[in-house]
Amino acid sequence: MSRTLAEKVWEAHVVRHGSGAEPDLLYIDLHLLHEVTSPQAFDGLRLANRKLRRPDLTIATEDHNVPTVDIDKPIADPVSRLQVETLRRNCAEFGVRLHPMGDLEQGIVHVVGPQLGLTQPGMTVVCGDSHTSTHGAFGALAFGIGTSEVEHVMATQTLPLRPFKTMAINVDGALKPGVTAKDIILAVIAKIGTGGGQGYVLEYRGEAIANLSMEARMTVCNMSIEAGARAGMIAPDETTFDYIKGRPHAPSGADWDAAVAYWQTLKTDDDAKFDAEVHIDADELTPFVTWGTNPGQGLPLGANIPDPEQIADENERVAAEKALAYMGLEPGTPLRDIHVDTVFLGSCTNGRIEDLRAAADVIKGKHVASGVRMLVVPGSMRVRKQAEEEGLDKVFLDAGAEWRQAGCSMCLGMNPDQLAPGERSASTSNRNFEGRQGKGGRTHLVSPLVAAATAVRGTLSAPADLEN
Amino acid sequence: MEAFTTHTGVGVPLRRSNVDTDQIIPAVYLKRVTRSGFEDGLFAAWRSDEHFILNQEPYKAASVLVAGPDFGTGSSREHAVWALMDYGFRVVVSSRFADIFRGNSGKQGLVAAQCSQSDVELLWKLLESEPGTPVTVDLTDKTVRAKDLVAPFEIDDYTRWRLLEGLDDIALTLRHEAEISGFEGNRQTWLPTTDPLPAV
Ligand code: SF4
């Protein structure tokens, strides 16, 4: 029977088919942990006197709470410190490998896994974090889970799950220069809505996806959750294999050949049927930015703020009105006229080396606009090191940006990097929810290219605007 | 987990759609390392406004939340369910739930009752015109009842059975330990482990 990629990976991990209403029991190949969603799960294990079944398939890093300056000093915030210390204690007690603050392999969990070569095609990968969908870029079935599921995986290395539906996102054609993976995914979300992917695994396909680098594919899959989908996948190909080869945990020798032979079977069969299909024309895409308070409220940079009066659907209209009130924006304003106070380049969406290179390229020899602060936060310490070897830190520092240590940073208001109330950012992260970057903070989601250009002009801008 | 058959309590209308988990409990409240005490973070931003409905009598004591569509979207944080339960909610009624939130609810014993949007609207009107009206949520016949209104709701059979029995997930899975071990014995040998690599 012909099957989609998602169905193949699913089937390969069924420990036990559920009968009737009972879900399937799925084996989990890799479990990623961080300090926020793991403490209660460890607590649960202890309370029930249970063991961690496979510490050798589990790895932890510190990311959400960590400060990105002065990392050699104790964390000032007592609760953040408690979470981080609890993770350290738990990992020691249960025998889990941990990359703590300052370690070369420390960083955002979704940057660290692929970088170590732990994320490979056809695997099941879970983490108590919704952006686990990132790892789907390798053709893995990767999704976020809640803390009680974290505990479940710890105790059993499995999860009871009901099969997802499948949706093909066909991105045909070629991207124009200056248009990136971030613009693709923002356009997808604007098209299908923040609930459009609910219950589905998205498979991104088509020429434009095949031509993306591995890191760009991660950007796309990362934000699948913002379309309501639990996971996003891209069939592995030579780009994928090249990226994995030689990484610390990649197979080698005869194992490599066996692995690649298997990975090559991981694609949707020609006559397989998706439960839904969506088409996006890559040729037509331009840099995309959000104007509202959910990632679906986005438009091409050349557009104006929409007028809620013109929105037919009542729920959407009310949502748009509330969003504009929160964002302090007037209908009809050109997006390009919006001034920002802060530019954040980083996060598991856009904190990888290619993102830093792309932004550095735009900002090189220019200066951050007066009154604007720009934070550049590598997704991991290894990304930071690599960037420094390439001199990117100098480019950013010369432009007047801040060069930070690795972590989630301003992606969420959980560590010292936050927006002040009313402050506005252009951010390469993935969520523009109310208060996400700090209480009262206003977020516009953008690509690294738009972030860099915006930093220079002080208003939402594309690199092309710098040439005029 | 506590078994759930039927529950009667004060209903509170929350006329908002797309209530994401950052609204249910903002990130700053997630830092606790225990399993309880999350009620102070529930809808924290909204509750700082004295006019917010949960700050009004008799809604303060509500245990049935009636919300707009797409409840629980966004971050996968289970704290959202803990915050609702720690506050005293046993049931959330909505016409559409985010998948992860629904899953988390079922595991914790919070009932995510999916009603039609028209029934949600009727409930809203009733709870607003007669504040404090008791709402009964019956998991045996899958209905929400308030006054004369009887609204059927959907919940998948498996979650319903577990809620009715009060069964813990892990115990259920560990009944299949032999199959898990069997599966492990057949995994590809080249699959990665996280064992530390020898230093080079
Ligand atoms: S960078 Fe942001 S989205 Fe990614 S894991 Fe950290 S907090 Fe979550």
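## Two chains and the contacts that join them

D43(A) is partly exposed, with a relative accessible area of 21%. The cut-off for buried is under 20%, so D43(A) does not count as buried. The model is predicted.

D43(A) has a charged partner. Its side chain meets that of R46(A) in a salt bridge, with N and O 3.7 Å apart. Both residues sit in helix α2 of chain A, residues 39-48. They are 3 residues apart there, which means about one helical turn separates them. R46(A) is partly exposed too, at 34% relative accessibility.

**Salt bridges**

Side chains of opposite charge can pair when their charged atoms come close. Over all chains, the structure holds 37 salt bridges. Between chain B and chain A the count is 7. The table lists four pairs, some within a chain and some across.

| Pair | N to O distance |
|---|---|
| R46(A) and D43(A) | 3.7 Å |
| R53(A) and E184(B) | 2.9 Å |
| R436(A) and D22(B) | 3.9 Å |
| D169(B) and R162(B) | 2.6 Å |

Take R436(A) and D22(B). Their closest N and O atoms are 3.9 Å apart. R436(A) lies in the loop between β18 (424-427) and β19 (442-445) of chain A, and D22(B) lies in helix α1 of chain B, so this pair joins two chains. Are these two residues buried or exposed? R436(A) counts as buried, at 6% relative accessibility. D22(B) is also buried, at 6%.

Within chain B, the side chains of D169(B) and R162(B) meet at 2.6 Å, N to O. D169(B) is buried, at 10% relative accessibility. R162(B) is buried as well, at 5%. Elsewhere, salt bridges that share partners form a network. Its members are R53(A), R54(A), D56(A), E177(B) and E184(B). One link in it is the salt bridge between R53(A) and E184(B), at 2.9 Å from N to O.

**The interface**

The size of an interface is often given as the accessible area lost when the parts come together. Here chain B and chain A bury about 5500 Å² between them. Carbon and sulfur atoms account for 56% of that area. Which three residues of chain B supply more of its buried area than any other three? They are K31(B), W190(B) and T194(B), with 16% of the area that chain B buries against chain A.

The contact takes 78 residues from chain A and 60 residues from chain B. Across the interface, 21 residue pairs are in polar contact, both residues being at pLDDT 80 or more. Several helices of chain B each supply at least two residues to the side that touches chain A. They are α1 (21-24), α3 (79-87), α4 (99-108), α6 (157-165), α7 (169-174) and α8 (177-185). Helix α8(B) gives the most, with 6 residues. By class, this side of chain B has 22 nonpolar, 16 polar and 22 charged residues.

**Chain B on its own**

Chain B has 8 helices and 7 strands. Its C-alpha trace spans about 70 × 40 × 25 Å along its principal axes. Of its 200 residues, 56% count as buried. Consider contacts in chain B between residues at least 6 apart in sequence: 67% of them join residues at least 24 apart.

Two of its strands form a hairpin, with 2 residues between them. Strand β6(B), residues 143-146, pairs with β7(B) in the antiparallel sense over 4 bridges. V144(B) has A151(B) of β7(B) as its bridge partner. In this hairpin, K147(B) takes a positive phi near 50 degrees. Strand β7(B), residues 149-152, has two faces. L149(B) and A151(B) make up the covered face, while V150(B) and P152(B) make up the uncovered one.

**Two residues of chain A**

E203(A) lies in strand β10 of chain A, residues 200-205. It is buried, at 5% relative accessibility. Beyond its neighbours within four places in sequence, E203(A) is in contact with residues including L5(A), M167(A), M233(A), T268(A) and F274(A).

L175(A) sits in a loop between β9 (165-172) and α6 (181-192) of chain A. It is partly exposed, with a relative accessible area of 24%. Where does the chain bring it in space? L175(A) and D283(A) are 108 residues apart in sequence, and their C-alpha atoms are 5.4 Å apart. Not counting residues up to four places away in sequence, L175(A) touches T180(A), I184(A), L212(A), A282(A) and L285(A).

Terms used
Residues are numbered from 1 along each chain as its sequence is written. Chains are lettered from A and ligands numbered from 1 in the order in which they are written. Side-chain values use heavy atoms; hydrogens and water are left out. Buried means under 20% relative accessible area, exposed over 50%, partly exposed in between (1.4 Å probe, protein chains only). Two strands pair if DSSP finds at least two bridges between them. Contact means heavy atoms within 4.5 Å. Buried area is the accessible area (1.4 Å probe) that two parts lose on being put together, summed over both. A polar contact is a pair of N or O atoms within 3.5 Å; within protein, one must be able to donate a hydrogen and the other to accept it, and residues adjacent in sequence count only if both atoms are side-chain atoms. Ala, Val, Leu, Ile, Met, Phe, Trp, Tyr, Cys and Pro count as nonpolar, Asp, Glu, Lys and Arg as charged, and the others, Gly among them, as polar.
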